[in-house]
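Biologist: I should like a close look at a single part of this model, followed by an account of how the rest of the chain is arranged. Please take the structure below as the basis.

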Amino acid sequence: MSVKKEDVEKFLDGNQDFARSYFDKKLKPGAVASIMRIPESKVDVDSFKDICSVEEGGLFYDLITDMQENVNMEKVIFKILKRISALIHADRCSLFMYRQRNGIAELATRLFNVNENSELDDCVVPPDSEIVFPLDIGIVGHVAQTKKNINVKDVTQNSHFSSFVDELTEYTTRNLLATPIMNGKDVVAVIMAVNKTNGPYFTDEDEDLFLKYLKVGSLNLKIFHLSYLHNCETRKGQLLLWSANKVFEELTDIERQFHKALYTVRAYLNCDRYSVGLLDMTKEKEFFDIWPVLMGEQPPYSGPVTPDGRICNIMNAAADETFNFQTEALDSSGWTIKNVLSLPIVNKKEEIVGVATFYNRKDGKPFDDHDEQLMEALTQFLGWSVLNTDTYDKMNKLENRKDIAQDMVLYHVKCRDDEIQNILKTREYFDREPRDCEEEELLEILKKELPGPNKFEIYAFHFSDFDCTELDLVTCGIQMYYEVGVVKKFQVPQEVLVRFMYSVSKGYRKITYHNWRHGFNVGQTMFTLLTTGKLKRYYTDLEVMAMITAGFLHDIDHRGTNNLYQVKSQNPLAKLHGSSILERHHLEFGKFLLADESLNIFQNLNRRQMEHVIHLIDIAIIATDLALYFKKRTMFQKIVDLSETYEEQKKWVDFMSLETTRKEIVMAMMMTACDLSAITKPWEVQSKVALSVAAEFWEQGDLERTVLEQQPIPMMDRNKAAELPKLQCGFIDFVCTFVYKEFSRFHPEIQPMYDGILNNRMHWKARQEEYEAKLKEMEEAVKARQEAAAKNAANSNSTSGSGSGSKTCSIC
């Protein structure tokens with residue numbers, strides 16, 4: 001009876017104690033020496049039982065050492081696969097690395113055909129010789145998809161088996177072992193052992209041994225994967241950091257911006273070369289370019305279209321028809337395109353503005369999904385950074401538009417050569433233009449043409465512009481600068497002074513109240529407070545000049561509506577200025593005029609003087625915002641109280657002259673007193689001005705009702721015009737009286753203004769009482785009629801009740 005090998009194996013597996021004792025008895029030094037390939041004299045039979053574990057420990061020690069020394073992953077896995085090949089008697093083993101390209105997952109050979117006699121260099125697969133498995137092809141792809149081990153005893157019986165590698169390598173696969181290497185839930189690689197050499201298939205023991213050794217391999221691959229991910233993230237961080245640095249350095253041109261950014265981060269791109277193509281976003285089809293097409297005289301455009309925005313990752317450029325042009329090296333260095341990664345550059349509006357292409361990964365491998373993510377982050381950042389250059393370009397265009405608009409405004413506002421002849425009549429006197437005349441000649445003309453201080457009583461608090469033309473007011477304004485002695489002292493060119501005053505008058509809009517007449521009246525009151533009111537004693541001549549100028553400019557380009565209306569109507573002024581909206585606009589308009597050399601009456605001041613003048617004009621014009629007036633009233637009152645503690649006027653003047661802050665507070669209150677000065681004028685003037693003010697308020701109320709669809713407040717409601725006396729009394733009591741009362745205490749010379757407001761209040765109060773009396777009389781008449789009607793109705797009801805005996809309702 002013959003005994004088969006399978007029967008013996010079955011018996012020994014079922015009787016392990018017997019097998020162990022038999023093995024110990026039959027073990028000879030010669031056999032051990034033959035297995036270990038050492039002299040028989042050196043064999044210690046007693047220790048041979050531990051030989052396998054010692055050898056295995058040595059192998060693991062070498063592997064761990066290699067891993068600690070950062071030896072490349074391929075070398076460590078190669079050693080493991082060699083050992084596995086010997087232990088499970090596999091004909092060959094292979095390592096397939098998982099990656100993604102163009103959003104598609106695949107497996108690529110990294111180590112191929114490893115056996116116990118292989119050399120590392122023979123088994124490492126060059127990038128251009130890779131065998132790539134999509135996950136829907138082959139048993140390897142199936143393992144990566146399912147993330148489960150597989151032991152295929154006969155590949156012909158497995159539906160997932162693909163023979164294309166066998167056909168490619170002229171090899172026959174009979175059976176195989178395969179397992180995925182996982183990092184958490186992510187597949188890193190697949191390792192496969194092919195064809196059992198001493199049996200028909202791999203046994204369960206082979207599978208256990210296979211998986212046992214691959215635990216070390218799995219650790220190494222995880223370390224490699226994490227290290228690669230860390231490297232990618234580090235590169236991404238550095239790349240974005242440095243590209244951001246360069247992007248914000250260059251804002252003028254997108255091409256220069258991209259070049260600087262990419263040149264700086266080239267070390268982190270992990271490619272040999274790169275190129276960037278930008279779409280020409282600046283040229284648009286003009287109507288005259290389209291006409292020939294629409295008329296059929298020219299065929300429509302049929303050339304290349306905008307890219308579709310997909311990522312293009314080409315692993316082997318030589319095999320791609322796009323690169324048929326590459327028949328030889330592209331330059332003298334022998335450089336050729338091997339693999340390509342191309343991505344669109346997309347801006348914030350999701351419009352493609354260009355394409356970035358990267359050639360040949362530095363390690364020779366194809367670009368993977370991490371490279372795609374890295375380059376995509378860069379191109380997205382560059383695309384978004386286009387917003388910087390676009391914004392910069394838009395800012396430049398807006399700046400240019402602003403300059404054009406200002407030039408247009410200046411053209412219409414600036415005093416023309418023919419207009420200046422209305423005052424500075426050089427053609428009539430000398431047959432020359434003002435610029436061709438000497439200052440003495442211009443002064444000679446002005447002495448004859450200006451009205452002088454007495455004709456229109458510019459020193460008087462009761463000044464009225466009713467008998468003046470607008471040109472008369474311009475000449476009076478010029479006269480004031482001569483009266484305070486600043487024209488000669490600060491070398492103001494007389495032609496510039498005339499042009500400036502004329503231009504200021506043209507800068508005011510033709511509206512009901514806040515027009516040039518109001519602007520002049522405020523400037524005249526400032527002049528009067530400084531001279532007649534003797535407040536000039538606290539200020540230098542330069543400060544006096546600045547304050548008078550601020551008075552003339554304080555409401556220039558007023559729109560006839562208040563700050564609140566600018567906010568409600570969402571006027572651009574409200575968006576530009578957060579507070580004191582109109583006041584800041586008047587200030588900016590005034591500075592705009594002074595920025596023109598032909599209108600700058602301060603052009604001969606030094607820099608420090610000019611800064612001081614602009615500072616004072618800023619404070620003075622902003623101070624006309626009544627919302628700020630209420631905040632500074634207490635401070636002004638304290639200054640007035642302090643002035644009364646000084647017995648000697650000279651000491652008080654010396655003290656105030658050195659107190660910059662107190663001087664600015666007094667100046668701010670002076671601007672308020674000037675702005676409200678119409679309330680102090682003689683009654684025949686004030687009553688008419690009050691109607692003009694009210695008319696402008698009613699016009700705003702009409703706008704609120706029609707445009708904003710809101711009910712205006714009583715002061716703005718023309719339907720409540722009869723309440724004007726009452727509103728005027730309230731305005732005098734709660735806003736105006738304080739400032740003039742305190743100024744009359746501060747300087748008795750200003751008492752006429754306080755007297756004027758008290759007189760006007762008396763008139764308005766009388767009208768208020770008259771109106772209220774009429775109103776009361778009307779209400780009483782209405783009430784009497786209602787009572788009479790009610791009494792008649794009661795009598796009628798009683799009469800009808802007595803004539804009817806029924807108390808039920810009847811329907812007729």
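In which helix is Ile290 found?

Modeller: The model is a predicted one, and in it Ile290 is found in helix α11, which spans residues 287-294. Ile290 counts as partly exposed, because its relative accessibility is 34%, and the cut-off for a buried residue is under 20%. Together with Trp291, Leu294 and Met295, Ile290 makes a nonpolar surface patch of about 480 Å². For the protein chain as a whole, the accessible surface comes to about 44,900 Å², and 53% of this belongs to carbon and sulfur atoms.

The setting of this patch is a chain of 812 residues, of which 43% are buried. The chain holds 30 helices and ten strands. Among contacts between residues at least 6 apart in sequence, 68% join residues at least 24 apart.

The interior may be set beside the surface patch. In soluble globular proteins, nonpolar side chains tend to be buried together. The largest nonpolar core in this model has 106 residues, and those with the most contacts inside it are Tyr481, Ile601, Met670, Tyr740 and Phe743. Helix α29 (residues 724-746) supplies the largest share of this core, namely ten residues. A second, separate core has 27 residues, among them Val76, Ala90, Cys123 and Ala189. To return to Tyr481 of the largest core, its contacts beyond the neighbours within four places in sequence include Val486, Val487, Leu497, Phe500 and Met501. Tyr481 is also in contact with Met545, Ile548, Thr549, Phe552 and Ile601.

Helix α7 (residues 138-146) offers a case of a covered element. Seven of the nine residues of α7 are buried, and these are Gly138, Ile139, Val140, Gly141, His142, Val143 and Ala144. The cover over the buried residues of α7 includes the strands β1 (90-101), β2 (104-114) and β3 (132-134). It also includes β4 (150-152), β5 (176-183) and β6 (186-196). Just after α7, Lys147 takes a positive phi of about 60 degrees.

Polar side chains also occur among the buried residues. Ser580 lies in the loop between α22 (572-576) and α23 (581-594). Ser580 is classed as buried because its relative accessible area is 8%. Its side chain makes a polar contact of 2.7 Å with the side chain of Asp625. Apart from neighbours within four places in sequence, Ser580 is in contact with Asn563, Ile622, Asp625 and Leu628.

Gln700, in helix α28 (residues 683-706), is likewise buried, since its relative accessible area is 2%. A polar atom of the Gln700 side chain lies 2.9 Å from the backbone nitrogen of Asn562. When residues up to four places away in sequence are not counted, Gln700 touches Gly560, Thr561, Asn562, Tyr565 and Met716.

Charged pairs complete the description. Side chains of opposite charge can pair when their charged atoms come close. A search of the whole structure finds 41 salt bridges. One of these joins the side chains of Asp206 and Lys196, at 2.6 Å from N to O. This pair links distant parts of the chain, with Asp206 in helix α9 (residues 204-247) and Lys196 in strand β6, ten residues apart. Asp206 and Lys196 are both buried. Strand β6 is also among the elements that cover the buried residues of α7.

A salt bridge between Lys536 and Asp541 has its closest N and O atoms 3.3 Å apart. Lys536 is partly exposed because its relative accessible area is 28%, whereas Asp541 counts as buried at 19% relative accessibility. The value for Asp541 falls under the 20% cut-off.

In the salt bridge between Glu659 and Arg662, the closest N and O atoms are 2.5 Å apart. Both partners are partly exposed: Glu659 has a relative accessible area of 25%, and Arg662 has a relative accessibility of 28%. Elsewhere, Arg416, Asp418, Glu419 and Lys506 are joined into one network by salt bridges that share partners.

Conventions. Residues are numbered from 1 along each chain as its sequence is written. This is a predicted model: local features need pLDDT of at least 70, side-chain atom pairs count only at pLDDT 80 or more; totals for chains, interfaces and linings use all residues. Side-chain values use heavy atoms; hydrogens and water are left out. Helices (H or I, at least four residues) and strands (E, at least two) are DSSP runs, numbered from the N terminus. Buried means under 20% relative accessible area, exposed over 50%, partly exposed in between (1.4 Å probe, protein chains only). Contact means heavy atoms within 4.5 Å. Accessible areas come from the Shrake-Rupley method with a 1.4 Å probe; for residues, only the protein chains shown count as cover. Patches are made of residues with over 30% relative accessible area and no salt bridge: like charges are joined within 9 Å, nonpolar side chains (Val, Leu, Ile, Met, Phe, Trp, Tyr) within 5 Å. A salt bridge is a side-chain nitrogen of Lys or Arg within 4 Å of a carboxyl oxygen of Asp or Glu. A nonpolar core is a set of buried Ala, Val, Leu, Ile, Met, Phe, Trp, Tyr and Cys residues joined through side-chain atoms within 4.5 Å. A polar contact is a pair of N or O atoms within 3.5 Å; within protein, one must be able to donate a hydrogen and the other to accept it, and residues adjacent in sequence count only if both atoms are side-chain atoms.
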